[in-house]
Structures are given as structure tokens and as C-alpha cells.
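Please open the model in your viewer and keep the selection tool at hand, since this tour moves from one selection to the next.

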Amino acid sequence: MVRYQFNGSGIPEQPGHAVPRLSYIAKDQFSTEWNSELHTHSCAELFFILDGHGYFRTLYEEFPISVQDLLIVNANVPHTEISSMKSPLQYIVLGIVGLEAASSEEGYAMLHIYNGWTELNSCVDLMLQESSKTLPGHEDVCRCLLEVVLIQLGRQQDLSFSGESPGPRASKECEFIRRYIDNHFKEDLTLDHLAKLAHLNKYYLSHSFRREFGTSPINYLISRRVDESRFLLQKTDHPLSLIAEILGFSSLSYFSQCFRRVEGISPTEYRKQVRHQS
């Protein structure tokens, strides 16, 4: 692990208002010495997954993570990362004092960055470079870059931090199910299973979810999988059958059917179009 600590000197504080401050930045890659036991930190952490696959574990659940995923963990929330042995996890983590993700009652959130990943990655990479050189003013540079990162993250859908004005809140049960789907969409999920998690009748859950979000839980699940499949079709050479398996589709034909329904073309045609344009 490469890790740099910040003392926070020269950062203005406003009375009664905690300004997000960078406490540390670290870059890590899985090794046999990696400690995967649940632990906590006194500040929030932002994980930028650069490469590999694995799982993120909390007291409540465990869900898969991979490249271009962002994890936000509030202070004092037990968590750990578990890496695949075949595809080692690599990430950059920012420790931030005075920051809290307002999008998760459990104290953590995960989202996949489809747009703006290159810019975010450039910012955190430059923060690492500045930290390693320790030239005069490097902490000020990193503080400014942190502001840019938080602004860019604030543009992502369904992500807000404390101090911001969140939009209208959905019902607690529907919001829980939506977050659960966001974290577990690669797994075998059914309406019965989701209803059991929410302690609701499945028909009531489907109606309430549609009223809150304009779509059914299963259609929302399909849309999350199709979103991820676009990324895999663009960035990897995985065969369609493997992509269908990774994303939890019961068969290749069902994956193709769902993709065509959302995109209007087949996965194969989509891949050809994207690669022709690039």
C-alpha cells in the first residue's frame, strides 16, 4: 500500500460548518497480506475501484464490486473489501473528515460511474502525485482537487452529501429495495425475494415502487443490468454468454431479449456500432 497523510493546516473552517478535509489518500492492490476483517475509520472513505473484481462487506450485506465502481463509506461504519484471487482488486481511497453520504441510512453507498470516470481518475491520480512529491503547497492543491471530485460526484444521479438539499424522499421500503437492487443487481433476484426483504406483499411492493420510481422493481433490475452490459460490451471482449452470466441473466436469449427491449438493437449490433464509432 502507498499512503500519504495530511495535517490539514491552512484550511479555513466556518463556525458550525464542517468543511470536508482530506485526511489521507492511499493506493492499494490485493496481496496475500491484505486484511479483510471488518473495521471502521474515524472519517468517511471514498473508494475508486481501478481494476479487478471482489466484494464489499458490511455488517448487513455483501455485494460485488469491480472497475469504475465508487464506494462511499461514512465514518464509524464497519466494512471491508474482499478481492478475487484471479482478478486482484486495485483502488485509490480518500479519507475525508467532515463528509457524510446522505443517500444511505446504513452509512454506505455504491454506484457505477458511467460518465466522468476519466476525469475523476485524473483528479485522484494527480492528488497521489502531489502527495508523493510533497512540494510546497501540495496540500492546497489536493484540497482544490478534492473540491472538484466532490462537485463531479454531486452530479451523479442519486448521490448527495450532508449539507446539500436532497430531493423528495421515496418511501423507506421502496428506497431500501432500490438500493438493494443497485448493490445486488448481478445476483439472482426475484420479486418474491425483494418483497420478503421489504416485509411487504409483492403486489403492494410492485405498485408502490412503480408509483415512486415510474417502473416496476423487476424492470428497474433489468435496466441496471442493461446499463452494466453496455459498459462490458464497450470495454471488454467478453463473449455475450459470459456477460449474461456475470449480470445474472438466466440465459443468453433472455439477455438479448432484455437488451433489445431497452436499446432497440441486439447486444452484438450495439458492440459493432460502438467499436465502429471509436
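Helices, taken as H or I and at least four residues long, and strands, taken as E and at least two residues long, are DSSP runs that are numbered from the N terminus. This is a predicted model, and by that numbering the protein holds nine helices and nine strands.

Begin with the whole protein before selecting any part of it. Of its 278 residues, 46% count as buried, while the protein exposes about 14,500 Å², of which carbon and sulfur atoms supply 49%. Among the contacts with a separation of 6 or more, 70% are accounted for by residues 24 or more positions apart.

Next, select the open sheet, in which six strands follow one another in the order 1-2-8-3-6-9 with antiparallel pairing. The edge strands are strand 1, at residues 2–5, and strand 9, at residues 108–112, each of which pairs on one side only. On average, and with direction ignored, neighbouring strands of this sheet are turned by 15° against each other. Strands of a sheet pair through backbone hydrogen bonds, either parallel or antiparallel.

Within that sheet, narrow the selection to residues 21–29, which are strand 2, and residues 90–97, which are strand 8: these two run antiparallel and are joined by eight bridges. If you pick out Tyr24 here, you will find it standing opposite Gly95 in strand 8.

Now move to the loop between strand 6 (69–73) and strand 7 (79–83), where Asn76 is found. The phi of Asn76 is near 65°, a positive value in a residue other than glycine, and Asn76 is exposed, with a relative accessible area of 55%.

For another positive phi, select the loop between helix 4 (191–198) and helix 5 (202–213), which is the place of His199. Although His199 is not a glycine, it has a positive phi of about 60°. Is His199 buried or exposed? His199 counts as exposed because its relative accessible area is 73%, and exposed means over 50%.

Finish at the surface by selecting Leu38, Leu59 and Tyr60 together, which form a nonpolar patch with about 350 Å² of accessible area in total. Of this patch, Leu59 lies in the loop between strand 4 (53–58) and strand 5 (62–66), and Leu59 is exposed, with a relative accessible area of 55%.

Notes:
Residues are numbered from 1 along each chain as its sequence is written. This is a predicted model: local features need pLDDT of at least 70, side-chain atom pairs count only at pLDDT 80 or more; totals for chains, interfaces and linings use all residues. Side-chain values use heavy atoms; hydrogens and water are left out. Two strands pair if DSSP finds at least two bridges between them. Axes are lines fitted to C-alpha atoms, for helices over the stretch in contact, and angles run from 0 to 180 degrees between N-to-C directions. Buried means under 20% relative accessible area, exposed over 50%, partly exposed in between (1.4 Å probe, protein chains only). Contact means heavy atoms within 4.5 Å. Accessible areas come from the Shrake-Rupley method with a 1.4 Å probe; for residues, only the protein chains shown count as cover. Patches are made of residues with over 30% relative accessible area and no salt bridge: like charges are joined within 9 Å, nonpolar side chains (Val, Leu, Ile, Met, Phe, Trp, Tyr) within 5 Å. A salt bridge is a side-chain nitrogen of Lys or Arg within 4 Å of a carboxyl oxygen of Asp or Glu.
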